[in-house]
Amino acid sequence: MRINWSCCRQLVSIQKLLKVRAGGLHTTTRQLSNSTQARNEEGKREDSIEKDEWTNVTATIERLTHRKLLSNPAHPLSILRDIIFSKFPEREYTRANFPNPRVSVYENFDSLNFAPDHIGRSKTDTYYLNKHEVLRTHTSAHQVESFRVHPTPGFLVAADVYRRDEIDRTHYPAFHQMEGGRWWSPEGMSSVKEFVAKIEADTAKIPVSGIKIVDDTLPFHDGNPRQDGQSPEVCIALTNHLKRSLERVVGEIFENIADGDPSATKEPLQIRWIDATFPFTSPSWEMEVYWQGDWLELFGCGVTQQRVFEQAGHPERVGWAVGLGLERLAMVLFGIPDIRLFWSEDPRFLEQFTPGVVNAFKPFSKYPGTYRDVAFWLKDGTTPEQFHDNDLMDIVREVAGDLVENVSLIDKFTHPKTKRNSLCYRVLFQSMERTLYNDEINVLQDNIRETLKIKFGVELR
Ligand code: FA5
Ligand code: MG
């Protein structure tokens with residue numbers, strides 16, 4: 001059993017979530033009424049919102065849902081979105097807009113083939129409004145609708161997504177994804193060969209990337225299988241179209257870096273494909289880039305599961321889909337060192353960027369960080385596994401917001417006699433914008449400790 005602290009949760013104004021502003025939209029964006037949005041406009045949903053034991057959206061996260069970073073064309077995330085969109089012909093890929101991050105559990109999980117016990121569905125990973133609705137954890141929540149309604153064979157969506165995730169330089173509980181999909185229909189084709197030739201002809205139209213991308217993956221194998229009922233030729237043709245489309249985007253974006261940041265040209269970037277697994281694609285892959293000493297995952301993609309096309313009412317179609325983290329790519333492209341900066345309201349950040357232009361980010365002076373440890377005994381009978389890191393992450397965010405750069409578990413032990421369990425987390429307080437005073441850090445630290453005590457009944461050490 002997980003500890004249930006919903007009874008003492010801070011009150012969240014969920015009503016506000018319903019009034020998400022559409023914002024100034026990308027000019028070529030087709031305003032799609034995602035089904036939840038349509039329902040909101042009818043005003044029906046608003047009445048029917050009920051908090052229940054699943055509700056875990058915090059006030060901090062609720063505030064982020066109103067920021068609408070992508071509606072500012074001079075924000076680096078919008079600049080990147082527009083660059084990526086420009087690599088996909090408009091007559092082939094509809095630009096769809098889903099301003100409301102509130103989606104049904106069906107849209108976020110069931111329609112995409114997530115098993116009932118998939119870890120992604122758990123309250124420790126996902127922000128629930130109630131049992132039936134979540135803040136979308138990925139833009140894939142709009143795949144089924146996008147595959148269903150658009151007149152073009154392709155679509156693109158860029159939007160804010162939310163996850164109860166760890167805190168560090170490349171992870172944030174709110175971030176942005178771009179979803180893309182492309183389908184073909186065998187209708188009117190006389191043979192598989194003719195169908196494959198059609199897909200290959202579309203692939204041949206895509207410019208080949210000049211950048212080196214290592215690909216040691218196989219088209220499909222037992223660990224990353226082709227779908228039953230899909231011929232090997234079709235699967236391979238779809239994969240080639242998918243990989244060439246995405247290599248082109250990444251290739252042209254990384255060629256762009258050189259203009260923005262001369263230091264980035266000294267060492268060629270290492271980029272690679274690896275196998276992956278998603279419930280809604282098979283086979284599946286991810287692309288990674290070697291950045292600042294680590295492999296950074298840029299996107300996931302794969303051949304769309306037929307179940308998704310069935311849900312979309314077009315069982316005969318085949319195709320591919322991709323979901324890309326905009327922050328990750330923007331960090332590499334603009335040389336932005338910390339994911340929190342995207343949420344900065346500091347003019348020294350925002351005024352550095354111009355629509356349509358990729359320029360290197362100029363760091364403002366670095367302010368020193370301060371570590372503080374938070375150590376506590378768990379309530380009797382609670383194992384460390386029953387206390388989830390993300391529970392502490394949410395408390396830290398509620399109390400200290402963006403003044404925390406990193407939280408990590410540094411110690412865990414069981415008392416040999418009493419068998420009580422102790423955990424110790426190290427919190428790095430650091431502002432992007434100013435020096436923090438010891439006194440204010442102490443207040444934040446005390447507040448985090450007190451909240452932990454109230455919500456989880458821990459004994460502070
Ligand atoms: C997905 O979200 C899938 N929906 C992607 C997909 C779409 C696969 C279509 C197949 C077909 P994943 O959880 O790996 O996959 O996230 C995709 C990308 O989002 C990651 O590669 C990463 O770039 C970014 N991302 C994930 N978590 C975070 C986070 N906490 N902060 C910032 N970026 C993140
Ligand atoms: Mg991933």
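**Note on the predicted model**

1. Arg461 is placed in the segment that follows strand 16 (459-460), in what is a predicted model throughout. With a relative accessible area of 46%, Arg461 is partly exposed, because a residue has to be over 50% to count as exposed. Although Arg461 and Trp377 are 84 residues apart along the chain, their C-alpha atoms are separated by 7.0 Å.

2. Two further contacts across the sequence deserve a look alongside that one. Lys51 is found in the loop between helix 3 (44-48) and helix 4 (59-64), and at 38% relative accessibility it counts as partly exposed. Lys51 and Tyr128 are 77 residues apart in sequence, and from C-alpha to C-alpha they are 9.3 Å apart in space. His132, for its part, lies in the loop that joins strand 4 (128-130) and strand 5 (133-135), and its relative accessibility of 55% makes it exposed. The C-alpha atoms of His132 and Glu50 are separated by 9.7 Å, with their positions 82 residues apart along the chain.

3. Helix 5 (residues 76-86) is largely enclosed by the rest of the structure, because nine of its eleven residues are buried. The buried residues of helix 5 are Pro76, Leu77, Ser78, Ile79, Leu80, Arg81, Ile83, Ile84 and Phe85, a list in which Arg81 and Ser78 appear together with Leu77, Ile79 and Phe85.

4. Which residues of the protein supply the donors of the magnesium ion (ligand 2)? They are Glu286 and Glu297, each through OE, and they lie 2.2 to 2.6 Å from the ion. This pair links distant parts of the chain, since Glu286 belongs to strand 10 (residues 281-291) and Glu297 to strand 11 (residues 294-304), eleven residues apart. Glu286, at 14% relative accessibility, counts as buried, whereas Glu297, at 35%, counts as partly exposed. When judging this site, one should keep in mind that water is not among the atoms, so the site may look incomplete.

5. The largest pocket holds about 940 Å³ of space. It is lined by 42 residues, of which Arg163, Phe175, Gln177, Phe278 and Glu297 are the closest to its centre; Glu297 is also one of the protein donors of the magnesium ion. At least two lining residues come from each of strand 7 (174-184), strand 9 (271-278), strand 10, strand 11, strand 12 (318-325) and helix 11 (326-334). Sorted by class, the lining of the largest pocket has 17 polar, 16 nonpolar and nine charged residues.

6. Across the whole structure, a search finds 18 aromatic pairs. In one of them, Phe278 and Phe280, the ring centres are 5.7 Å apart and the planes meet at 35°, so the pair is tilted. Phe278, with a relative accessible area of 22%, is partly exposed, while Phe280, at 7%, counts as buried, because the limit for a buried residue is under 20%. Phe278 and Phe280 also belong, with Phe109 and Phe114, to one aromatic cluster.

7. Tyr290 and Trp295 form an edge-to-face aromatic pair, with 5.2 Å from centre to centre and 65° between the planes. Tyr290 is partly exposed, its relative accessible area being 33%, and Trp295 is likewise partly exposed, at 29%. Trp295 has a charged neighbour as well, for Arg272 lies over its face at 3.7 Å from the ring centre. A second arrangement of this kind involves Lys243, whose charged end sits over the ring of Trp273, 5.2 Å from the centre of that ring.

8. How many cavities of 30 Å³ or more does the count give? The count comes to two, and the second largest cavity has a volume of about 50 Å³. The residues that line the second largest cavity are Ile167, Tyr172, Pro173, Arg340, Arg397, Gly401, Asp402 and Val404. By class, this lining is made up of four nonpolar, three charged and one polar residue, where the charged residues are Arg340, Arg397 and Asp402 and the polar one is Gly401.

How values were computed. Residues are numbered from 1 along each chain as its sequence is written. Chains are lettered from A and ligands numbered from 1 in the order in which they are written. This is a predicted model: local features need pLDDT of at least 70, side-chain atom pairs count only at pLDDT 80 or more; totals for chains, interfaces and linings use all residues. Side-chain values use heavy atoms; hydrogens and water are left out. Buried means under 20% relative accessible area, exposed over 50%, partly exposed in between (1.4 Å probe, protein chains only). Helices (H or I, at least four residues) and strands (E, at least two) are DSSP runs, numbered from the N terminus. On a 1 Å grid over the protein atoms alone, a cavity is a set of points where a 1.4 Å probe fits but cannot get out, and a pocket is an open set with protein on both sides within 12 Å along at least five of seven lines; lining residues have an atom within 4 Å of a point. Grid points are joined across faces, edges and corners, and a volume is the space filled by probe spheres set on the points. Rings of Phe, Tyr and Trp (its six-membered ring) pair if their centres lie within 6.5 Å; planes under 30 degrees apart count as stacked, over 60 as edge-to-face and the rest as tilted. A charge sits over a ring if NZ of Lys or CZ of Arg is within 6 Å of the ring centre and within 35 degrees of the ring normal. Donors are N, O and S atoms within 2.8 Å of the metal (3.2 Å for Na, K and Ca); water is not among the atoms, so sites may look incomplete.
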